[in-house]
Amino acid sequence: MSSPPNGPGGFPAKALDTTAEQPWPVRLLAAKIADYVDKMAPVWVEGQLVQVNSHNASASAYLTLRDTDVDMSLSVTMLKRLLAARGEAISEGAHVVVHAKPSFWTKRGTLSLRASDIRALGLGELLARIEHLKRVLAAEGLFDAERKRPLPFLPGRIGLICGANAKAKHDVLVNARARWPQVHFEIREVAVQGPHCVPEVSRAIADLDSDPDVEVIVIARGGGSVEDLLPFSNEALVRAAAKCTTPLVSAIGHETDAPLLDLVADYRASTPTDAAKRIVPDVGQELARIAQARDRMANALTRRLRTEGERLTLLRNRPVLADPASIVTPRLRALEQTRTAGRAAIGRRLDSAGADLTNLRTALRTLSPQATLERGYAVLRTDDGAVVRSPDEVTVGQDLSALVAAGRLGVTVRTAGTRTGEEVIG
């Protein structure tokens, strides 16, 4: 197998051709990187100036340009005369765009940008970008009321994000402890303006949110200029606040300030003092409310006892309780009267029914065939039971049955026909 061809100086021509036995020296790799970077075209870059060093003996100023959302930065060099031509607007903390060409310094192995132009972004342009970001985040639902979590009534531990020894920190602590002396705080002192504000506040939110003992988080800052409050409208910080699962209170400005953090927070306090009053109840007021509630309950109980006592007195004074028999006596009397009336009614009904029965018996006896028979009449029947009503219905010598009052007789017809005198039947 033949060895790969070597370039100038006897070194491998390509990086893929290098081996442990035939490596590139540092100078060659640095030169190749510098050559590759030098082929890149100039580019406009946006960021925030976190360091401006123009007080040196060289003709160049050294700047550090940091990303506004994440912890990344690049070194920038620029001729002092070009930087000075832009005036005082180009200073540490300024939001700028830089026109620069990437450059690799082979001696130190560092990458930097050689700037030919730098421009500070105006406040109007920054506010326009914030307004655009506001519409984007609102469309995602980050400001919806349904996302807002209620604040705890009496949090056991409060997370406080504030500046070091800031007045906002003092306002929150003093007012909260004045309202409830036993309140506990977990404090994170961070940068509340400038280039370090966004990453430090975002880390503090994540840190306190991961603490299960922290029941509410307050971000406090005592107002400031629009430029000072710009980090609190940064997309990275707003999204970090939106991810927070612990109820979040924004207290970073006065009534006239409206950074985007106010919109994504669960509660927006106008001032740090307002935040302290909102997250911690006033122990004096709560004790007064408890006393009032106890008084109302005692008064209600007293009124109820009085009412029930009066009702019991009325019950005691009723005749039925004074003489229990009084409720029975009238009913016994009424029962006796009802029983007497019932007996009289039954007697009258029986007498009437007896009279009706006698009348019916008399009528029955009068109209009964038996009465007729007892008067000496008889009923003649043929053998088949037919009643004989006329002499023409029988024949001479025919046997008949005669029903008389006291029984039956058997008879034989001797003569039959129209009656002209006494007929003899034997």
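## Strand β6 and its partner

In this predicted model, strand β6 (residues 157-162) is largely enclosed by the rest of the structure, because 5 of its 6 residues are buried. Buried here denotes a relative accessible area under 20%.

Strand β6 pairs with strand β7 (residues 184-189) in the parallel sense, and 6 bridges link the two strands. Within this pairing, I161 has R188 of β7 as its bridge partner. Strands of a sheet are held in such pairs through backbone hydrogen bonds, in either a parallel or an antiparallel arrangement.

## The antiparallel sheet β11-β12-β13

An open sheet is formed by 3 strands, which follow the order β11-β12-β13 with antiparallel pairing. The edges are occupied by β11 (379-381) and β13 (407-412); each has a single partner strand, so one side of each is left without a neighbour in the sheet. From one strand to the next, the twist averages 30°.

The pairing of β11 with strand β12 (residues 399-404) is antiparallel and comprises 3 bridges. One of the residue pairs is V379 with its bridge partner L403 in β12.

## Helices α6 and α7

Helix α6 spans residues 235-243 and contains K243. K243 counts as exposed because its relative accessibility is 68%, and the cut-off for that class is over 50%. The C-alpha atom of K243 is separated by 9.3 Å from that of I205, although the two residues are 38 positions apart along the chain.

Helix α7 (residues 260-264) includes D262. With a relative accessibility of 9%, D262 counts as buried. The side chain of D262 is joined to that of R268 by a polar contact of 3.0 Å.

## A nonpolar surface patch

A nonpolar patch of about 680 Å² lies on the surface, made by L312, L315, V320, L321, I327, V328, L332 and L335. Three helices each supply at least two residues of the patch: α9 (283-316), α10 (319-322) and α11 (329-367).

I327, one of the patch residues, is located in the loop between α10 and α11. The relative accessible area of I327 is 41%, and I327 is therefore classed as partly exposed. Membership of a patch requires a relative accessible area over 30%, a value that residues in the partly exposed class can reach, because that class extends from the buried limit of 20% to the exposed limit of 50%.

Technical notes. Residues numbered from 1 in each chain as written. Predicted model: local features only at pLDDT ≥ 70, side-chain atom pairs only at ≥ 80, totals over all residues. Heavy atoms only, no water. Patch = residues over 30% accessible without salt bridge, like charges linked within 9 Å, V, L, I, M, F, W, Y side chains within 5 Å. Areas by Shrake-Rupley, 256 points an atom, 1.4 Å probe, with all protein chains shown as cover. Salt bridge = Lys/Arg side-chain N within 4 Å of Asp/Glu carboxyl O. Helix = DSSP H or I, 4+ residues; strand = E, 2+ residues; numbered from the N terminus. Buried < 20%, exposed > 50% of the residue type's maximum accessible area, 1.4 Å probe, protein only. Pairing = 2+ DSSP bridges. Axes fitted to C-alpha atoms, helices over the stretch in contact; angles between N-to-C directions. Polar contact = N/O pair within 3.5 Å; in protein donor to acceptor, adjacent residues only side chain to side chain.
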